[in-house]
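Colleague: I have a new model open and would like to practise reading it. Could you walk me through it?

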Amino acid sequence: LYSDKDVVATDFLGTPFLCTRTTDDGDEVDILKSIYKLNHAEHTGVFLGNVQAGTQLCMGLMSRNEVEESVGIAIDGVLDEIWEVESKSDYRYSTIICTSCAARYNLIVADKQVEARAYQEKLPSHINLFGYYSYGEMCPAEGKVYGRMHNETHNETFAILAL
């Protein structure tokens with residue numbers, strides 16, 4: 001990373017790092033983390049959230065269009081699951097809660113309706129949706145070794161909870 005500054009959170013908002021974290025039980029989960037600070041003298045960096053020493057990192061790149069597209073894909077997936085459950089049982093969902101990263105918001109600030117456009121025409125009338133921006137999104141990540149779900153704090157993500 002090239003920067004003369006030490007605090008680089010805003011410089012790299014659109015470049016999350018994919019990190020593979022090893023859990024206590026030996027499983028591995030992929031999470032996204034944001035770089036916050038660089039120590040040029042020691043050639044080290046500080047992330048928002050825990051990134052274990054020796055973690056292999058893969059730098060990503062996000063754009064406004066990818067934010068909109070990813071929200072659409074996520075909402076479509078959740079709605080497919082909702083329709084499947086409701087078609088096979090008496091359970092009726094009523095609420096969807098969305099948490100989006102503040103870094104994503106900074107990428108779309110010129111068009112604040114980007115995320116809303118991705119779902120506004122798709123929601124059934126019996127489901128309410130609300131969302132907010134956060135500096136760390138909690139959601140499960142599937143383990144690559146055992147396939148178990150692990151609750152993780154991510155950055156630069158979009159998390160959905162359907163109730």
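**Reading the model**

Modeller: Gladly; let's begin in a loop. T23 sits in the loop between β1 (17-22) and β2 (28-33). Keep in mind that this is a predicted model.

Colleague: Is T23 buried or exposed?

Modeller: The general idea is to compare relative accessibility with a cut-off: under 20% is buried. T23 has 8% relative accessibility, so T23 counts as buried.

Colleague: Which residues does T23 touch, leaving out those up to four places away in sequence?

Modeller: T23 touches V29, H150 and E152.

Colleague: How should I read the confidence of the protein chain?

Modeller: In general, where pLDDT is low, the predicted coordinates should not be read in detail. Here the protein chain has an average pLDDT of 89, and 99% of the residues score at least 70.

Colleague: Where in the protein chain is confidence lowest, and where is it highest?

Modeller: Confidence is lowest in helix α3 (residues 114-117), with a mean of 81. The highest value belongs to strand β10 (residues 158-162), at 93.

Colleague: How do I check the span of helix α1?

Modeller: Multiply the rise by one less than the number of residues. Helix α1 (residues 64-88) has 25 residues, so at 1.5 Å a residue α1 should span 36 Å; the end C-alpha atoms are 37 Å apart, which agrees.

Colleague: And which residues of α1 are buried?

Modeller: The general idea first: an α-helix has 3.6 residues a turn, so residues three or four places apart point the same way. In α1 the buried residues are V67, V71, G72, I75, V78, L79, I82 and E86. Their packing partners are β6 (95-101), α2 (102-108), α3, β7 (128-134) and β10.

Colleague: What about the surface: which residues form a nonpolar patch?

Modeller: V7, Y36, V46 and L48 do, with about 300 Å² of accessible area together. Of these, Y36 lies in strand β3 (residues 35-39). Y36 is partly exposed because its relative accessible area is 33%.

Colleague: Which residues other than glycine have a positive phi?

Modeller: Take H43 and E156 as cases. H43 has a phi of about 55 degrees, and is found in the loop between β3 and β4 (44-47). With a relative accessible area of 73%, H43 is exposed. For E156, phi is near 60 degrees, and the residue is in the loop between β9 (149-154) and β10. E156 has 2% relative accessibility, so E156 counts as buried.

Notes:
Residues numbered from 1 in each chain as written. Predicted model: local features only at pLDDT ≥ 70, side-chain atom pairs only at ≥ 80, totals over all residues. Heavy atoms only, no water. Helix = DSSP H or I, 4+ residues; strand = E, 2+ residues; numbered from the N terminus. Buried < 20%, exposed > 50% of the residue type's maximum accessible area, 1.4 Å probe, protein only. Contact = heavy atoms within 4.5 Å. pLDDT = per-residue confidence, 0-100. Patch = residues over 30% accessible without salt bridge, like charges linked within 9 Å, V, L, I, M, F, W, Y side chains within 5 Å. Areas by Shrake-Rupley, 256 points an atom, 1.4 Å probe, with all protein chains shown as cover. Salt bridge = Lys/Arg side-chain N within 4 Å of Asp/Glu carboxyl O.
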